[in-house]
Amino acid sequence: MKPVKVGLLGLGTVGTGVVRIVEGNQEDLSSQVGSSIVIERIAVNNSNKPREIEVDPAKITTDPWDVIRDSEIDVIVEVMGGIAGTKEYILEALERGKHVVTANKDLMALHGSEILAKAQEKQCDVFYEASVAGGIPIIRTLIEGFSSDKIMKIIGIVNGTTNYILTKMSQEGASYNDVLKEAQDLGYAESDPTSDVEGLDAARKMAILGTLGFRTNVELHDVSVSGISQVSKADIAFAKRLGYEIKLLGIAERQDEEFSISVQPTLIRASHPLASVNGVFNAVYVYGEAVGETMFYGAGAGAMPTATSVVADLVAVIKNLKLGVNGLKQKVPYKQKKLKSDEAIFYKNFLLLHVDDKAGVLAKITQVFAEYDVSLDSVVQQANPNNPDAEIIIVTHNASKASMNKVLRHFEELKVIRRIKSHYRVEG
C-alpha cells in the first residue's frame, strides 16, 4: 500500500516523542493501518539546534508553510504550540484537504469551533486527544464511549503542576512558595507559572471537555476561574481535620440543559477517588446519566505520554482515510449554549474567618447566613496562639452562588469580622 505521508510542525519534546514512536513502532503501526507511515517534512524554529534524535536534514525546514503546501503530505501533526500563526497553518491545511492532529489546548479552547467547522466543511479529521490530559484518552472516550449516554457532570484534575504543589503541601506540610520553587527546579512549573497556578491552563482544558461533554460551544470566558496561589498550609490542615483534601478541580455540570463550568481550589472528601490522585498525575471523573460514575487516570503531561496520544490520533486519522470516512465523526457543537445563573449554581462552602475574640460574634455571623437563606453544616471556633483573633471554620450546606456572594459582601462590612481568610467550594 502507498505510505501515508505526515508533516510535523514542531520538534520539541513532544515532537521528538512522536518521531520516536512512529519510527520505532513502524511494524506495529503498519499492521494497524495497512501501510507504512512516513514523516515527510518537519518544521522547526532552529535547524541547527542539537537534537536527541537523528533526522534527515533534507526533511527539515524553518518555514511551516513548506509543510502545509507540500502536496505529498496527507496529515499535519501540530505540536509547536502558539495560537495566531498556528491557527492559520491549521485552517490552510484543512482548506487544502489535509487532516490535522494537534496537541494545542490553547488553540482548541479559543478557536476550536471555527477549526472544527472548517474540518466539517472540507470533510477532514481534526483530532486533539493530547490537548487535555496528556496520555489519558478522555476526548475519545467522551466522543465515542459516551455516545449513547448523557453526561451530567465532569470533574477534572487536569493540571499536573498545581496537583504536584498541593500534594506536597498536604503530605509534607510545606508552604506554597517553597513547593512552587521546587516544582520550577524540577521542570514541572515554568519560570512564569501564572497560567498553571492561577487556573488558566485548567480552564482551557475544561472548556474543551465541556464543549465535548455538553455538545455546546463552551468558550474560555464561560469558565469561572480562580487559582491556588492563596492556598495556605493552614487551609490544608483545616481541610484535613474535616476529612477533606484540597485539589484544583475543574467542574462542569448541567441540569435541564443549563450548565456551569468552573476551575477553583476545592475541598473534596478524602474518601473520593480524586482525593488520592497525587503528584503530577491527572484524572477526570465523569458522571453519565445511564452509566453512573467513571474515572480516567494517568499521566497528564510529559513527552512520551503526550506523544502516545498524538500518534493514537494519527492512527485513527489514517484508518478513517483508508475507510473513506474522514470528517464523518467530527463533533461540531450543535446545542444552544445556556449558562446557569448564579442563582441556579449550588454547592457547599468552606470559610475560614478571623474574628474578634469576644462574646456574641458567632451569633452575628450566623444571623447573616440566616438572612440570605444559607444553612450551616458545621461550625468550629478556636483560639490560635499565633493569631490574636479568634478563628471560625464554617462549612455550609448547599447554597446558591448568588446567596454566598451576598453573605461574603455582608461579611466585608461586618466589623466583628477582621478578615475572610479563605473561601472554597466543597465537593463530595
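Two strands count as paired here if DSSP finds at least two bridges between them. Keep that in mind for strand β7, one of three spots picked out below in what is a predicted model. The other two are helix α13 and the loop residue Glu-72.

**Strand β7 and its neighbours**
- β7 covers residues 151–157, and 6 of its 7 residues are buried, so the rest of the structure largely encloses it.
- With strand β11 (residues 281–288), β7 pairs in the antiparallel sense over 6 bridges. Lys-153 has Tyr-287 as its bridge partner in β11.
- β7 also pairs with strand β9 (residues 244–255), again antiparallel, over 4 bridges. Look for Ile-155 here: it stands opposite Ile-251 in β9.

**Helix α13**
- Running from 303–323, α13 has 21 residues and reaches 30 Å from its first C-alpha to its last, close to the 30 Å expected at 1.5 Å a residue.
- Its buried residues include Val-310, Val-311, Leu-314, Val-317 and Ile-318, along with polar ones such as Thr-306, Ser-309, Asp-313 and Asn-320.
- When you look at the spacing, remember that an α-helix has 3.6 residues a turn, so residues three or four places apart point the same way.
- Right after α13 comes Gly-324, with a positive phi near 75°.

**Glu-72**
- Glu-72 sits in the loop between α3 (64–68) and β4 (75–78).
- Its relative accessible area is 41%, so Glu-72 is classed as partly exposed.
- Glu-72 and Val-4 are 68 residues apart in sequence, yet 9.1 Å apart in space, C-alpha to C-alpha.
- The side chains of Glu-72 and Lys-5 are joined by a polar contact of 3.4 Å.

Notes
Residues numbered from 1 in each chain as written. Predicted model: local features only at pLDDT ≥ 70, side-chain atom pairs only at ≥ 80, totals over all residues. Heavy atoms only, no water. Buried < 20%, exposed > 50% of the residue type's maximum accessible area, 1.4 Å probe, protein only. Polar contact = N/O pair within 3.5 Å; in protein donor to acceptor, adjacent residues only side chain to side chain. Expected span 1.5 Å × (residues − 1).
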